[in-house]
Amino acid sequence: MMADVRRTTFFLRFERLMKTYLPSIDGFNEAFSEENMAEISSVLKGACASPAAGRKGSTTDMRAEEIVSAAWARMHRKHNICPGHVLNLSEDKSQGTDRLRYKIDGSFISDADKGSIVPGATNWALQRLSVEFKRGGTHLDAFEDRSGKKTKDEEEMEDEEMEDEEEMEDEAETRRFVRGQLTSHAERVFTYQHRTALFMIFVNGLEFRVIRWDRSGCIVTEAQNYVETLEHTKRLLHFLYAFSKMTPEQQGIDTTAVPLSKDSCGWKRMDALSFAHRHDVNEKERKITTIPSDFLGPADDPGKSPLFEHGLLHDDPAATCNLQTDHPPRPRCSEIRPVFEYVRTLFQQSVPKGWPRYKVTVDRRVYLIGKSITPSSGLFGRGTRGYVALEWETQRFVFLKDTWRPHYVDLEHEGDMLQNLNTEKVSCVPTLVCHGAVGQQKTEASEYSPITGHKKPDVQGSDAPRDEVKAPERDKSKRRIAGLPSRARCSDSVVKTKRSVNEPRRGGAISEPLKPKNPRDDKAASDSQRARDKRDDRGTKRPHPATSETDICDGVGLPHLQHYRIVVAEVCLEATSFRYGKQLARVIMHCIIAHREAVEDCRILHSDVSAGNILILPTIKPGWIYWTGILSDWELSKFLPGDKEELKAGQAHRVGTWYFMSIRSLAYPHRPLGIPDELESFLHVIIFFAIRFIRSNCTLSVVHSFMNGYFDGVTYQGRNRYTCSETKISTIREARLCHGHIKIAFMGGAERLGKDDHPLEGDGHPRHPLRDLLATLLKLFQARYAVEEWEASLARLDEAKTAVPEPLLPSLTSTVASRDGAYQRPPSEFGADDIEPEDATTVDVFSGPTKPSDKTFEEAKKLDSHLAVLQVFKRYVDNPRFVWPLDDKVKDGLDGYQPPEFSANAAKKARLTVRSTVTMASIPEGDGQRIRARTDL
């Protein structure tokens with residue numbers, strides 16, 4: 001996340017932010033007299049004197065921050081500096097339900113929620129305006145771009161570099177830490193609440209900044225002194241007063257998510273449904289003899305619940321009801337229908353004590369939700385959250401996805417794509433219930449993007465008044481995602497400029513590496529709220545591309561996003577829930593079948609095949625509970641062109657999940673995806689799961705090293721170009737799954753290793769079929785890239801032949817001879833008979849690339865459709881000749897895995913890079929059509 005700071009941050013003058021986002025401050029003079037403002041200014045200034053005198057890292061400094069926050073609290077209690085709100089300080093106590101235990105210094109909470117406040121705790125679910133206090137100094141300013149100075153003489157020499165490099169590094173690290181704090185605090189608020197935006201005050205000693213966060217990025221004002229004069233204090237009070245006059249929607253609250261009170265009908269019904277039902281069915285794959293007659297399957301639609309007719313439920317779940325008559329603590333079984341045990345468990349986990357619950361409406365259907373079971377993996381981006389939701393009318397459990405989707409022309413809604421798939425009866429895909437955009441909610445920060453935005457951020461040094469800076473007139477209908485230049489122009493936050501003493505500090509965030517996330521953690525839809533050193537099962541979704549740190553301009557990574565919700569009938573298990581290897585292979589085979597039917601019946605390409613998008617759905621078939629694979633998350637899918645249409649890239653940046661994208665798509669993000677790319681993604685998915693969970697001859701350290709090399713690693717191509725790791729490339733090129741000298745082999749529980757760390761053959765135990773399944777698949781893709789290498793080499797030769805020859809340079813021999821005068825060649829040391837004559841088999845290295853065999857061409861051609869890959873899976877999964885062990889699943893091999901810092905940093909840069917090259921072949925890259933942003937909705 002922190003690597004995206006400058007890409008997702010831009011500067012806006014305080015006055016302009018006030019006029020743009022906050023209403024009029026009518027009534028301010030009546031609320032604050034000159035005497036009151038003078039007292040506020042004096043008290044706050046006195047409190048700031050202690051931090052200014054403190055030393056870095058001392059306990060005195062930590063106490064100083066508390067002195068500042070306490071002074072704010074006293075002034076609020078006495079003068080109500082933010083009318084209608086309570087200032088809750090929480091620097092010492094985290095939220096009980098927050099597993100990350102983050103603590104923010106304080107927040108303003110609406111008087112309407114006063115009764116729900118836990119004194120001294122963070123109260124993430126109630127915060128309206130977050131506040132973070134620091135003791136002062138530029139080294140603690142998260143958005144400052146100059147060196148911290150301690151003396152007046154140093155202040156006058158601002159443009160000179162500090163002589164002590166260690167101190168500079170310490171200051172940079174401190175700022176990174178503070179930026180991380182601010183971003184994490186904003187992320188917590190977005191996790192606990194349903195929000196479109198969040199305002200935050202960053203108080204750093206004598207100065208403050210206002211920050212406005214949303215899913216595309218953040219707006220930050222200049223640092224302003226708020227106690228130097230009465231006018232400075234009035235600026236701060238203007239903001240607080242204007243904020244208090246904003247409606248909840250203007251403050252960034254998503255008002256379409258209606259909070260439920262604890263005495264509401266919906267809250268109590270959710271409690272009742274969270275209890276285990278004695279007739280709930282265990283989802284284990286097995287033979288069954290009976291099933292409850294009123295069992296509610298994952299995709300069943302029971303119609304309107306009879307409980308409404310009997311008067312046991314209110315039509316509006318937000319209505320207050322009588323606990324004893326409407327919702328007894330232990331309701332009768334007839335009032336609750338049995339489901340699979342895992343569905344009940346997931347719902348129970350979504351309604352923990354102390355977590356808020358909401359009523360949301362999607363396409364006129366009402367749903368009740370609690371805590372997300374797939375929390376989003378960061379503040380910026382899609383912010384996808386998944387809920388086991390209670391559909392109020394039918395009283396069934398469904399899956400609701402809340403996300404911020406890219407809002408650009410030619411990008412279809414996921415619900416529309418699912419509707420097409422359902423209409424054509426494509427198997428193994430979710431069943432659409434309803435979907436729709438959430439009002440007119442779109443990201444605001446993205447409007448200031450230098451690439452796609454319609455508004456213009458402020459630039460320091462402009463002669464125009466800050467509140468009169470206007471964006472140039474543009475035709476909104478032609479808004480596009482533009483490809484980034486090789487050298488993007490940066491704003492003044494990147495280039496140091498000398499400022500006057502009286503000019504407010506602008507400050508620009510400096511990009512730094514993102515701490516990697518662990519692939520083993522629970523699935524995010526994107527992108528779960530977890531510690532910064534974790535990565536989810538899906539890998540990391542690709543944001544808008546950017547160049548290297550020196551090439552990034554402020555706000556260049558701001559994506560234009562639209563709030564969107566979709567509901568599907570199936571509540572599924574994650575793919576990591578598989579019990580043994582054959583089950584995993586079968587689940588992936590089902591998803592390939594779904595992919596094939598989508599392409600052949602609907603001309604739809606999924607475009608994001610990844611581990612997190614492969615799910616498991618237990619279903620009841622005659623005499624069996626059977627686990628079926630589900631290919632989910634069709635949000636990036638696109639229609640394939642007709643026979644006479646040209647296939648074009650859907651977006652001007654990488655689309656997909658880095659871990660599982662094909663070598664070709666990583667090398668050329670502007671080239672359109674095809675069936676071979678998607679099939680290769682399935683190969684990477686099964687390798688990803690197999691290395692982690694299937695018993696093999698790899699030690700834990702080998703598993704960690706392989707994961708880093710194959711999935712996290714990158715190859716730097718020079719000139720800011722990256723592609724996937726050499727490990728992934730060599731695996732495909734050689735069609736061998738190896739790590740160093742170890743040939744990776746999967747085993748059953750009874751197999752034993754020989755001295756060469758390889759399973760013993762001929763010991764009476766059958767060979768694990770997964771070895772041969774992967775070997776067969778690797779040979780197909782080996783052929784594909786061999787053909788592509790040859791075709792690319794031919795293209796380069798043709799280009800060289802048609803190029804206009806340049807004048808030949810004098811030969812090295814003639815140059816040396818003319819300089820030395822008497823240069824002569826020595827005679828050959830070999831006689832004519834000593835050299836073996838050239839035969840017909842000798843390769844002429846100047847004759848061009850060697851053409852692959854006809855067999856190789858045939859194998860590569862097979863990947864143009866799904867048939868060959870499905871035949872491989874069917875052969876090893878369904879043929880009784882191949883015996884799969886039932887005890888081959890082991891504990892997750894990624895426990896404790898932490899990608900090395902260098903690989904993590906390089907991988908992050910690679911994911912943000914627009915253009916790249918591939919080592920296996922230099923395939924000419926076509927021009928992709930740029931995409932216009934939607935402005936008609």
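**Close-up views of a predicted model**

Close-up of Asp363, which counts as partly exposed because its relative accessibility is 43%. The model shown here and in the other views is predicted. Asp363 sits in the loop that links β11 (358–362) and β12 (365–369). Its phi is near 50°, a positive value in a residue other than glycine. Most residues other than glycine have a negative phi.

Close-up of Lys425, a residue with a positive phi of about 60° although it is not a glycine. Lys425 belongs to the loop between α12 (414–423) and β15 (432–442). With a relative accessible area of 70%, Lys425 is exposed; the cut-off for exposed is over 50%.

Close-up of the second largest pocket, which has a volume of about 970 Å³. Domain 1 (5–51 + 62–145 + 168–245) and domain 2 (257–454 + 558–571) both contribute residues to the lining, so the second largest pocket lies between them. The lining has 34 residues, and those nearest the centre of the pocket are Ser116, Ala125, Leu126, Gly354 and Pro356. At least two lining residues come from each of β4 (127–134) and β9 (258–259). Sorted by class, the lining of this pocket holds 15 nonpolar, twelve polar and seven charged residues.

Close-up of helix α15, which runs over residues 675–693. Helix α15 has 19 residues and spans 27 Å from its first C-alpha to its last. That reach is close to the 27 Å expected at 1.5 Å a residue. The helix is mostly covered, with 19 of its 19 residues buried.

Note on methods:
Residues are numbered from 1 along each chain as its sequence is written. This is a predicted model: local features need pLDDT of at least 70, side-chain atom pairs count only at pLDDT 80 or more; totals for chains, interfaces and linings use all residues. Side-chain values use heavy atoms; hydrogens and water are left out. Helices (H or I, at least four residues) and strands (E, at least two) are DSSP runs, numbered from the N terminus. The expected span of a helix is 1.5 Å times one less than its number of residues. Buried means under 20% relative accessible area, exposed over 50%, partly exposed in between (1.4 Å probe, protein chains only). On a 1 Å grid over the protein atoms alone, a cavity is a set of points where a 1.4 Å probe fits but cannot get out, and a pocket is an open set with protein on both sides within 12 Å along at least five of seven lines; lining residues have an atom within 4 Å of a point. Grid points are joined across faces, edges and corners, and a volume is the space filled by probe spheres set on the points. Ala, Val, Leu, Ile, Met, Phe, Trp, Tyr, Cys and Pro count as nonpolar, Asp, Glu, Lys and Arg as charged, and the others, Gly among them, as polar. Domain bounds come from an automatic or database domain assignment.
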